[in-house]
Amino acid sequence: MNRNVVIGGAWPYANSSLHLGHLVALLPGDFLARYHRKMGDRVIYVSGTDCHGTPITIRAKKENKKPKEISNYYHEEFSRTFDQMNFSYDLYTQTEDNYHKEKVQEIFRTIYDNNYIAEKEENQPYCPKCNKFLADRELVLTCPQCGNETKGEECDCGYTPSMEELIKYGKCQECGTKVIDKPNNNLYLLLSKLQPVIEKFYEEKSDGWRKNSQNETLKYLKQGLIDRAVTRDLEWGVDIPVDGYENKKMYVWIDAVLGYTTAVMKYCEEHNLNYDDFLKENDNALMYMVHGKDNIIFHSIILPALLYSMKSNMKLPDKMVSCEYLNINFEKISKSKGNGITILDLAEQYSIDSIRYFFLSNGPEKKDGNFSAQEFKMVHNSDLVNKYGNFINRTLKFRGIEEIKVGEIDKDIDAKISETYKNVSEDIESLEFRKATEEIINLAEYGNKYYDDKKPWVLFKENEKEFNNVMYNCANIIANLANLFEPVMPDTSNKIKEYLKLDLSKWEKITIKETIKLNDIMPLFDRIK
Ligand SMILES: [Zn+2]
Ligand SMILES: [Zn+2]
């Protein structure tokens, strides 16, 4: 049965270049999209640039630019980065997109009319000199835990000051004035009222989630969900479609997390599809959320809460693909700087397929992962050069032959290939991407062992028919490796597709039925020295 699959890749925030932490979190989305397309499923794979919010306005002020100039700059850079890494988004958009802004306001209004967004008065820090309410990160204070100067959001020591502490100790970042306590009206998403809905959702769906998503979500559910402000005093963002809120904007988290929904709607409108098939509850629909572990509750609590509150039978996400952290040279990545290695930097040094293979076969799936040039070189040389590349070279570049004729497929090889498709499918659908890539590389090793056992270099001189049969079997293994590896390494698979004249559009066993001409075959992986 063909499914309607939505894959949502987390929306990167437009104030710094994409680094390796983004790559490990988002790459599984492309892997899933390519796999499901081969399965014959209808796939809509979306993401976009998260453009609004305070960090961009603060930076714009510092650099004497408009916030939009900054978000445009990064949106363009992000698009280029994803293209370079061969991400196959069906739509990569941005929260500054007009369609998105209109739809998000409609959804907001619906939730408000359904009484899941309501007004509340709360005290907030206010700068009497600048005459404005301040966001956490517009405040500076002495951290009550470690004593260092910190911004109002999370301190480097890990402590997040409470609202009372912000009001008591905070100073305006811009003018240094001590803030005062002032009542402010805002609209809130009534998460406390939605607690039973999220509990039921968790019961029904969490079996298909990564462990870290389960733990993080349970932690919040056990503490009890707290109503969360959805409006704020800011000039940069989406307008609030409620009277009396003309001077406020939507909080960036509600605007960005609804981007999955608006992007799928937009894609469907542009491609004559019915978005109910993808976004409304139905037996055929499957929805993945792909993100890093610092983003879990936005996908496992906030998004389902918003979708439910629309009261229009919206489908809630099925699978949480949340990765752990990636360290670089065994050090934690700093959130904004990414330890100095951007995705574009890495793409200048290594082949894109090699990078994709490394981060899918060594991704931080269940525990933190690590990147170092040494480890990268080891994985590339041992798996891609010595196993996969070597098997391709010794078969397709065998000295003294110009073609491989159709022979008879060996029963064991045939069974091994079928089994690999089945196992890899199961691994992918249970979010075990490391295991999936390991399973495929094992097929290359199996091919090398068959080759060594059969000794074609001896058969070449002694038994032409048997020699050709062995080469034919090896070519069949290569054809299937190319097909199985296409979601991981699309460039390499496309080259093999040309060499062997293959159809790689389906997730099913390939059997070569015509003579293969071995002209101009180039080595596919260079050893890293
Ligand atoms: Zn001030
Ligand atoms: Zn601190």
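The exercises below work through the domains, sheets and helices of a predicted model.

Residues are numbered from 1 along each chain as its sequence is written, and chains are lettered from A and ligands numbered from 1 in the order in which they are written. In this predicted model, local features need pLDDT of at least 70 and side-chain atom pairs count only at pLDDT 80 or more, while totals for chains, interfaces and linings use all residues.

**Exercise 1. Domains**

Task: state the domains, and describe the side of domain 1 that touches domain 3.

Solution.
Step 1. The bounds come from an automatic or database domain assignment. Domain 1 covers 4-114 + 198-203 + 252-340, domain 2 covers 117-189, and domain 3 covers 373-517.
Step 2. Taken over C-alpha atoms, the centres of domain 1 and domain 3 are separated by 36 Å.
Step 3. Two residues are in contact if their C-beta atoms, placed from the backbone, lie within 7 Å. Between these domains, 10 residues of domain 1 are in contact with 11 residues of domain 3.
Step 4. On the side of domain 1 that touches domain 3, α1 (20-38) and β14 (319-323) each supply at least two residues. Helices (H or I, at least four residues) and strands (E, at least two) are DSSP runs, numbered from the N terminus. The most comes from α1, with 6 residues.
Step 5. By type, this side has 6 nonpolar, 1 polar and 3 charged residues. Here Ala, Val, Leu, Ile, Met, Phe, Trp, Tyr, Cys and Pro count as nonpolar, Asp, Glu, Lys and Arg as charged, and the others, Gly among them, as polar.

**Exercise 2. One residue of α1**

Task: is Tyr35 buried or exposed, and which residues does Tyr35 touch?

Solution.
Step 1. Tyr35 is found in helix α1.
Step 2. A residue is buried if 20 or more other C-beta atoms lie within 10 Å of its own, exposed if 12 or fewer, and partly exposed in between, with C-beta atoms placed from the backbone. Tyr35 has 23 other C-beta atoms within 10 Å, so it is buried.
Step 3. Leaving out residues up to four places away in sequence, Tyr35 touches Ile428, Pro487 and Trp507.
Step 4. Tyr35 and Ile428 are 393 residues apart in sequence, yet their C-alpha atoms are 8.3 Å apart in space.

**Exercise 3. The five-stranded sheet**

Task: give the strand order of the open sheet of 5 strands, then describe the surroundings of β1.

Solution.
Step 1. Two strands pair if DSSP finds at least two bridges between them. The order is β3-β2-β1-β13-β14, with parallel pairing.
Step 2. β3 (91-94) and β14 are the edge strands, each pairing on one side only.
Step 3. On average, neighbouring strands are turned by 20° against each other, direction ignored. Axes are lines fitted to C-alpha atoms, for helices over the stretch in contact, and angles run from 0 to 180 degrees between N-to-C directions.
Step 4. β1 (residues 4-9) is joined to β13 (residues 285-292) by 6 bridges and to β2 by 5 bridges. Ile7 has Tyr288 as its bridge partner in β13 and Tyr45 as its partner in β2. Asn4 stands opposite Ala285 in β13.
Step 5. In β1, 6 of the 6 residues are buried, so the strand is largely enclosed by the rest of the structure. Asn4, Val6 and Gly8 cover one side, and Val5, Ile7 and Gly9 the other.

**Exercise 4. The three-stranded sheet**

Task: which strands stand at the edges of the open sheet of 3 strands?

Solution.
Step 1. The order is β7-β6-β8 and the pairing is antiparallel.
Step 2. β7 (149-151) and β8 (171-172) stand at the edges, each with a single partner strand, so one side of each is left without a neighbour in the sheet.
Step 3. β6 (residues 139-142) is joined to β7 by 3 bridges, and Val140 has Lys151 as its partner in β7.

**Exercise 5. Two helices**

Task: compare the spans of α18 and α9 with those expected.

Solution.
Step 1. The expected span of a helix is 1.5 Å times one less than its number of residues.
Step 2. The 22 residues of α18 (residues 464-485) should span 32 Å, and the end C-alpha atoms are 31 Å apart, which agrees.
Step 3. The 12 residues of α9 (residues 259-270) reach 16 Å from first C-alpha to last, close to the 16 Å expected.
Step 4. In α18, 19 of the 22 residues are buried, so this helix is largely enclosed by the rest of the structure.
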